[in-house]
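Let's take a walk through this model, starting with a small piece of local pairing and working inward. Keep the viewer open as you read.

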Amino acid sequence: MSAFPLAGEARSLLERNWREGDYRGRHYAFGVPSPRSYPWQWYWDSCFHAIVRSRYEPGRARQELMTLLGAMREDGFIGHTVLWGTPLDLGRAVRYNIASRADLMTSTIQPPLIAWAWARALGDPAADPEAAAALDRHHHWLRAHRDLDGDGLLWLLQPDESGMDASPKFDHVWGRRAQGRPLFPALIHANRRLGFDARRVQAAGRPVVCEVLTNVAWSLSEQALGRPSHTPALVDRLWDERAGRFFDDVRGAVSPTPGPRRPVTWDTLAPLALPDLPDAIADRLIEEVLLAPRFAAGVPLPAVALDDPQHSSRETWWGRHRHWRGPSWVNSAWLVSLGLRRRGRDDLADAMAARLTGVVARAGFREYYEARQGYGMGAHDFGWSTLLWELADPRPPAHGR
Ligand code: GLC
């Protein structure tokens, strides 16, 4: 056992990152992902923060999620970043998906985890009528605007909507306009002209993606609201039985590439977080993907398989644009660990926790870690890396799953 005081360190970080105030007639209370690098509220980061915080301070966990719901537009849309307190500077205005600098939020989404985070952290959302009504409105927006084919699955119009900004899995879709590549600002510009509207983007013949992790989040959240699971549709559409992997469905790609020839990225394992993933698929993912050295030899969990030609663990001089092109992330490890524990592989989940605890004890709660040696990379004091506490000391969710 390591002597690292994980719980205490996690709590003190979440304490330092907490922000409260009033802005444009609304009250906000939430944790910033990282004080220097990410000074606003990010959608899925807040979901992760609330899950960890609910271990000792459920009142503030609720405040964090209510702040996100409080940013919601009348029609149910919630943007992937909410700019509480200070508007964007000019430099960021080019890189952020805002329609106008006066906006409170970006005009794109992030993995829709909030209803599931609510259930895990605080219990059945139905027991909290104010939250339940808001979550319902939000899900209605997602269904109406992003379920392009009517089969219940959601589609994305930009890579960062997946939360995995510069993942090389998007390079074949957007080409030089993919994130972390030179023409990304042109993609934002084009989508801005189309009102960040997925149907208009599709009608214009531009790329849209039915993405794995997004739909894992969506299925978890719909189930948390007592709605039918989207897991069967996800398996039907995105699981490749021959390859033994999940692949995004893609339309309008710049250089369409069949699934098995795309980079091997961690999100093929993300469906392990689904409580209703068929056991045969879960076990195959564990045996054939997770336990293969290309993932198992890395610090849990490399964003891209270690032996993939696209894997790049080095920081470039412009650094942060390389997000998700190689190094390891704690939230991914935790999501995958849910499936390991469900399948009775606590030994594997505990081994992941032990290795990551060693890394965090040495390097602190960084945004991500070099995938082989585990030195810290990206932002400092990074909120969701405290999910390590959940990984190392799992507790039953507050409600069902
Ligand atoms: C990066 C990540 C994204 C995260 C944000 C704030 O952009 O790729 O997933 O939400 O930072 O932490």
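Pick out aspartate 22 and look across to E2: its bridge partner there is histidine 27. Next to that pair, glycine 21 stands opposite tyrosine 28 in E2. Keep in mind that this is a predicted model. Zooming out a little, the two strands are E1 (residues 18–23) and E2 (residues 26–31); they run antiparallel and are joined by 6 bridges. The hairpin has 2 residues between its strands, and arginine 24 takes a positive phi there, near 45°.

Now jump along the chain to helix H6, residues 129–146. Is its length what you'd expect from its residue count? What span should those 18 residues give? At 1.5 Å a residue the helix should cover 26 Å, and its end C-alpha atoms sit 25 Å apart, which agrees. Its buried residues are Ala131, Ala134, Leu135, His138, His139, Trp141, Leu142 and Arg146. Look down the axis of H6 and these buried residues fall within an arc of 155°, so they line one face of the helix. And what do they pack against? The partners are helices H2 (43–53), H3 (58–70), H5 (114–122), H9 (198–203) and H10 (212–224).

Finally, turn to the largest nonpolar core, which has 134 residues. The members that touch the most others are Phe246, Trp266, Leu277, Leu285, Leu301, Trp334 and Leu335. Take leucine 277 from that group: leaving aside residues up to four places away in sequence, it touches Thr231, Val235, Phe246, Pro271, Leu272, Ala282, Leu285 and Arg342.

Methods
Residues numbered from 1 in each chain as written. Predicted model: local features only at pLDDT ≥ 70, side-chain atom pairs only at ≥ 80, totals over all residues. Heavy atoms only, no water. Helix = DSSP H or I, 4+ residues; strand = E, 2+ residues; numbered from the N terminus. Expected span 1.5 Å × (residues − 1). Buried < 20%, exposed > 50% of the residue type's maximum accessible area, 1.4 Å probe, protein only. Arc of directions from axis to C-beta. Contact = heavy atoms within 4.5 Å. Pairing = 2+ DSSP bridges. Core = buried A, V, L, I, M, F, W, Y, C linked by side-chain atoms within 4.5 Å.
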